[in-house]
Amino acid sequence: MLSLNIINEKMSKLDNWALEGNAITKDFRFGTFKGALEFINKIGEIAEKLNHHPDITLSNNLVRLSLTTHSENGLTSMDFELAEEIDKIR
């Protein structure tokens, strides 16, 4: 698990992610439900490649992601790596 200083340093390099408890979160809005689903499928491919899986909520055209390392009960470098990869596909 990362220290708060390292978390803050890594957060400064991300685009509009928020620190919420033991997770980092971000909302993505799409013009259509189908667009939101396509985005989720792309995330799934990245998550499988990295073997690190986000919590995903889909509500109409809004996708909310929450990243944490469940086995560590907090944030690790894997969460930030996944967030960076997700930001590349948007």
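1. A good place to start is Phe 28, which is buried, with a relative accessible area of 3%. Bear in mind as you read on that this is a predicted model. Phe 39 is buried as well, its relative accessible area being 3%. The ring centres of Phe 28 and Phe 39 lie 4.7 Å apart and the planes stand at 45 degrees, so the pair counts as tilted. Phe 28 belongs to strand 2 and Phe 39 to helix 2, so this pair ties together parts that are eleven residues apart in sequence.

2. Phe 39 has another ring partner to look at. The centres of the Phe 30 and Phe 39 rings are 5.0 Å apart and their planes are at 40 degrees, so this pair is tilted too. Both Phe 30 and Phe 39 are buried. Together with Trp 17 and Phe 28, these two residues form one aromatic cluster. The count of aromatic pairs comes to three.

3. Next, the nonpolar core. Which residues touch the most other members of the largest nonpolar core? They are Trp 17, Ile 24, Phe 28, Val 63, Phe 80 and Ile 86, out of 21 residues in that core. Two or more residues come from each of helix 1 (4-11), strand 2 (23-29), helix 2, strand 4 and helix 3 (77-89). Helix 2 gives the most, with five residues. As general background, nonpolar side chains in soluble globular proteins tend to be buried together.

4. Ile 24 deserves a closer look within that core. Setting aside neighbours within four places in sequence, Ile 24 is in contact with a list of residues that includes Met 11, Leu 14, Trp 17, Leu 65, Leu 67, Leu 75, Phe 80 and Ala 83. Polar residues are on the list too, among them Ser 66 and Asp 79. Ile 24, in strand 2, is also the bridge partner of Leu 19.

5. Now the sheet. Its four strands form an open sheet in the order 1-2-4-3, with antiparallel pairing. Strand 1 (18-20) and strand 3 are the edge strands, each pairing on one side only. Neighbouring strands are turned by 25 degrees against each other on average, direction ignored. Strand 1 and strand 2 run antiparallel and are joined by three bridges. Helix 2 packs on the sheet, where it touches strand 2, strand 3 and strand 4, and its direction makes about 170 degrees with that of strand 3.

6. At the other side of the strand order, five bridges join strand 3 (residues 55-59) to strand 4 (residues 62-67), and these strands run antiparallel. Thr 57 has Arg 64 of strand 4 as its bridge partner. The hairpin they form has two residues between the strands, and Asn 60 takes a positive phi near 60 degrees there.

7. Two lysines make a nice contrast. Is Lys 26 buried or exposed? Lys 26, placed in strand 2, counts as buried because its relative accessibility is 9%, under the 20% limit. A polar atom of the Lys 26 side chain lies 2.6 Å from the backbone oxygen of Asp 15, and a polar contact of 2.8 Å joins the side chains of Lys 26 and Asp 87. Beyond neighbours within four places in sequence, the contacts of Lys 26 also include Asn 16, Trp 17, Val 63, Arg 64 and Leu 65.

8. Lys 49, by contrast, is exposed, with a relative accessible area of 62%. Lys 49 is found in helix 2 (residues 33-50). From Ile 7, Lys 49 is 42 residues away in sequence and 23 Å away in space, C-alpha to C-alpha.

Terms used: Residues are numbered from 1 along each chain as its sequence is written. This is a predicted model: local features need pLDDT of at least 70, side-chain atom pairs count only at pLDDT 80 or more; totals for chains, interfaces and linings use all residues. Side-chain values use heavy atoms; hydrogens and water are left out. Two strands pair if DSSP finds at least two bridges between them. Buried means under 20% relative accessible area, exposed over 50%, partly exposed in between (1.4 Å probe, protein chains only). A nonpolar core is a set of buried Ala, Val, Leu, Ile, Met, Phe, Trp, Tyr and Cys residues joined through side-chain atoms within 4.5 Å. Contact means heavy atoms within 4.5 Å. A polar contact is a pair of N or O atoms within 3.5 Å; within protein, one must be able to donate a hydrogen and the other to accept it, and residues adjacent in sequence count only if both atoms are side-chain atoms. Axes are lines fitted to C-alpha atoms, for helices over the stretch in contact, and angles run from 0 to 180 degrees between N-to-C directions. Rings of Phe, Tyr and Trp (its six-membered ring) pair if their centres lie within 6.5 Å; planes under 30 degrees apart count as stacked, over 60 as edge-to-face and the rest as tilted.
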